[in-house]
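Reader: I am new to this structure and would like a close look at one part of it. Please choose a sheet and follow it strand by strand, explaining the terms as they come up, and then place it in its surroundings.

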Amino acid sequence: MCGIVGLFLKNPALEPRLGALLADMLVVMTDRGPDSAGFAVYGQGDARHVKLTLRGPDLQGVADTLIRAIGGDAVLQGSHLVLSIETCEEAAARLWLASEHPEIVIIGVGHRMELYKEVGLPSAVAKRFNLAGMAGSHAIGHTRMATESAVTTAGAHPFSTGIDQCLVHNGSLSNHRSLRRMLEHHGFGFATDNDSEVAAGYLSWKLRQGYSLATALESCLDDLDGFFTFVVATESGFAVLRDPIACKPAVMAETADYVAFGTEYRALAGLPGIACARIFEPDPARVYSWERN
Amino acid sequence: MPILDLATTSRRDLNARLHGLGTGRDEGDWRVLNPAGQHALAVGIDAPVTVRIAGPVGYYCAGMNQQATVIIEGNAGVGVAENMMSGTVHVKGDASQAAGATAHGGLLIIDGNASARCGISMKGVAILVKGSIGPMSAFMAQSGSLVVLGDSGGALGDSIYEAHLYVRGQVGSLGADCCEKPLRDQHKQELRALLDAAGIDASVKVEHFKRYGSARTLYNFHIDNAGAY
């Protein structure tokens, strides 16, 4: 099971409505994943600053201490806190958090990406983080019915293993243990036992080697074994890949204003102009990708 | 004509009312509004009724259909007309995966394209797709006919038994034990009858189709294949 939604806007006029549109899509996918939900939103940001999405106890207190030392801003959003600091301070902030506050988890880092996830019904998760109030250029979301690991916030999607990179996954991988060992040899660390986090790490590894998002996904077809429908986002990109037998459902809609992904059509039914959209099911083993200009 | 608006009526109410229809007399035309991609609409009907659904439907629409004509004025989700026994299901848009899966009888017409696994394990249904079909279609198809005016994706008819596959366009690849077969008179007649039933005019000629079916090499264990296990 699991439900995936994604929305990549081509028309900037829709950007203020991104979060509201995605929230509606996410809630429709509750039947497919009532355990937990999460989403990543690509909003405002610039290369000089980086946003760390944090989860853990006493976030405001920790952030205040850090900001007094290195500057920056903090916005508490439900059980998460988005800490904006200068990009050059990222390494120092990570080091300080790891040594002084190991209880704080960094779930995503990006110039534009903010990432939120929590156990509970998708409607409650969307409301807790005020998804409907968020603006941006693209976003992906996931509703989870756990199969491979526990129902915890850490096991919820999306997974982010690189700056402004995130992945949501419907399916299950059978060679994630060997991939994990290979990636650990290359210096990747993983926060969970989740197979989807390994897929995210694999893509980050490929992107780090200079692969484009599309070619990184193509290499998944050689190296990943199992069932997957992936929706992946980067600072400027949005991409979809299904395994060679298209085990998990997927449907997409494209108009002049947006590209949208849903595990089921129902998730797309409320989008503006859907009646005139080009609706299609992505082919198995074919990478679909879009880039912002 | 009964009109049910799914914005105000539940799917369960719709299906319960359709299940309450008699099997003997003509139950007329029903219209269903605002389906919004909901699953399991108009499933399990066993009555001579026409149900027009004004918009896209979700999974398993018109599944297990008997006698009824179900017309979907939009796209259909996974498993449309799954396990249909008789009657007609007409999708005016595209169909998702596994259209007509395991269906024993009746006629499934898809005006647009059908996605992967169209007619998987079909057992007697006639399926006619005016557009193209996706990969792995007619997998383990047992009997019945699949007519495709457009192209087929890869692995068509993998492990097929005795279904008749007619494709006018290109076939991405044939699955295991599926091969091209001669289009004999009996097949031309069958194909013409199916085209006529779907309202396709004489400009579509049966001679433009190729027939595919079982090479029958997987029916029995063959010692030469032992190394493959």
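Author: What follows describes one sheet in chain A, then the chain around it, and ends with the other chain.

This is a predicted model, in which local features need pLDDT of at least 70 and side-chain atom pairs count only at pLDDT 80 or more, while totals for chains, interfaces and linings use all residues. Residues are numbered from 1 along each chain as its sequence is written, and chains are lettered from A and ligands numbered from 1 in the order in which they are written.

The sheet is an open one in chain A, made of four strands in the order β4-β5-β3-β6. Its pairing is antiparallel. Strands are DSSP runs of E with at least two residues, helices are runs of H or I with at least four, and both are numbered from the N terminus. Two strands count as paired if DSSP finds at least two bridges between them. The edges are held by β4 (73-77) and β6 (105-110) of chain A, each of which has a single partner strand, so one side of each is left without a neighbour in the sheet. From one strand to the next, the twist averages 20 degrees. Angles of this kind run from 0 to 180 degrees between N-to-C directions, and the axes are lines fitted to C-alpha atoms, for helices over the stretch in contact.

The pairs can be taken in the order of the sheet. β4(A) and β5(A) run antiparallel and are joined by five bridges. In this pair, A74(A) stands opposite L83(A) of β5(A). The two strands form a hairpin with two residues between them, and G78(A) there takes a positive phi near 60 degrees.

β5(A) also pairs with β3(A), in the antiparallel sense, over seven bridges. Here T53(A) faces V82(A) in β5(A). β5(A) is mostly covered, with five of its seven residues buried. A residue is buried if 20 or more other C-beta atoms, placed from the backbone, lie within 10 Å of its own; it is exposed if there are 12 or fewer, and partly exposed in between.

The last pair is that of β3 (residues 49-55) and β6 of chain A, which is antiparallel with five bridges. R55(A) is placed opposite V105(A) of β6(A).

A helix accompanies the sheet. α2 (residues 59-70) of chain A lies across β3, β4 and β5 (80-86) of chain A, and runs at about 5 degrees to β5(A).

The domain assignment, which is automatic or from a database, divides chain A into domain 1 (3-43 + 122-291) and domain 2 (45-111). The C-alpha centres of domain 1 and domain 2 of chain A are 24 Å apart. Where they touch, 12 residues come from domain 1 of chain A and 11 residues from domain 2 of chain A. Two residues are in contact if their C-beta atoms, placed from the backbone, lie within 7 Å. The side of domain 1 of chain A that touches domain 2 of chain A has five nonpolar, four polar and three charged residues. In this division Ala, Val, Leu, Ile, Met, Phe, Trp, Tyr, Cys and Pro are nonpolar, Asp, Glu, Lys and Arg are charged, and the others, Gly among them, are polar.

Chain A as a whole has seven helices and 16 strands. Its C-alpha trace spans about 50 × 45 × 35 Å along the principal axes. The radius of gyration of chain A is 18 Å, which agrees with the value near 19 Å for a compact globule of 293 residues. That radius is taken over C-alpha atoms, and the globule rule is 2.2 Å times the number of residues to the power 0.38. Of the 293 residues of chain A, 51% count as buried. Among the contacts in chain A with a separation of 6 or more, 73% are accounted for by residues 24 or more positions apart.

Chain A also has a partner in the model. Chain B puts 15 residues in contact with 11 residues of chain A. On the side of chain B that touches chain A, six residues are nonpolar, eight are polar and one is charged. Chain B has two helices and 11 strands, and 50% of its 229 residues count as buried.
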